[in-house]
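I opened my notebook to write down what I looked up, residue by residue. The entries follow the order in which I checked things.

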Amino acid sequence: MRWYSGIILFAVLNFGALALGGFLMGDGPGSGWYQSLDKAPWTPSGWVFGAAWTTIMACFSLYMARLWRKTNKSKTVVSLFVIQWLLNVAWNPIFFNFHLVFPALVVIILLTCLVFWFMLAYRSELKFHSLWILPYAIWMVIATSLNAYVYLYN
């Protein structure tokens, strides 16, 4: 399989996760529940989330396509990707639909750790291509802090 085929595969999977997560969060940030929460002073405007996630998933698709190819489609890489995908999708309904802020915080911490695991564990195989996961890692730190703030102050 050519490298661009991997990019297409991971783009479909990653943007599919975004779409499914968006569907599962219902009214999400527009809900009365979310609007009533005390949110962190550094909470970005709503449009930033869409722009950030689009950039993150495009870069992560490049990262995963490269990693998948470099590790010869390793079962470990596939398993970690599936866990990442499930955690990413699961956070939305846990936080926005069920209003379970602490369990959502646990999920997002696990997801953040997994993203950093990808970044650090495979940097020797990917070299400078590891930078493609950096937007995901940075955003996860921000998102985790936002979730933690909601947990601590509500």
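Is histidine 99 buried, partly exposed or exposed? I note beforehand that this is a predicted model. I found a relative accessible area of 35% for histidine 99, so I entered it as partly exposed, since that class lies between under 20% for buried and over 50% for exposed. I placed histidine 99 in the loop between α4 and α5 (101-121). I then read its phi, which is near 60 degrees, a positive value in a residue other than glycine. I noted that most residues other than glycine have a negative phi.

Next I looked up lysine 73. Its phi is near 55 degrees, also positive in a residue that is not glycine. I found lysine 73 in the loop between α3 and α4 (75-97). Lysine 73 counts as partly exposed because its relative accessibility is 44%.

I then checked the surface for charge. Lys73 gathers with Arg69, Lys70 and Lys127 in a patch of positive charge. I traced lysine 70 to helix α3 (residues 46-70). With 44% relative accessibility, lysine 70 is partly exposed.

I stayed in helix α3 for tryptophan 68. Tryptophan 68 counts as buried because its relative accessibility is 14%. I also took the C-alpha separation between tryptophan 68 and glycine 21: it is 24 Å, with the two 47 residues apart along the chain.

My last entry is histidine 129, in the loop between α6 (123-126) and α7 (134-153). Its relative accessibility is 13%, so I entered histidine 129 as buried. Leaving out residues up to four places away in sequence, I found that histidine 129 touches Tyr63 and Arg66.

Methods
Residues are numbered from 1 along each chain as its sequence is written. This is a predicted model: local features need pLDDT of at least 70, side-chain atom pairs count only at pLDDT 80 or more; totals for chains, interfaces and linings use all residues. Side-chain values use heavy atoms; hydrogens and water are left out. Patches are made of residues with over 30% relative accessible area and no salt bridge: like charges are joined within 9 Å, nonpolar side chains (Val, Leu, Ile, Met, Phe, Trp, Tyr) within 5 Å. Accessible areas come from the Shrake-Rupley method with a 1.4 Å probe; for residues, only the protein chains shown count as cover. A salt bridge is a side-chain nitrogen of Lys or Arg within 4 Å of a carboxyl oxygen of Asp or Glu. Lys and Arg count as positive and Asp and Glu as negative; His and the chain ends are not counted. The place of a charge is taken as NZ of Lys, CZ of Arg, CG of Asp or CD of Glu. Helices (H or I, at least four residues) and strands (E, at least two) are DSSP runs, numbered from the N terminus. Buried means under 20% relative accessible area, exposed over 50%, partly exposed in between (1.4 Å probe, protein chains only). Contact means heavy atoms within 4.5 Å.
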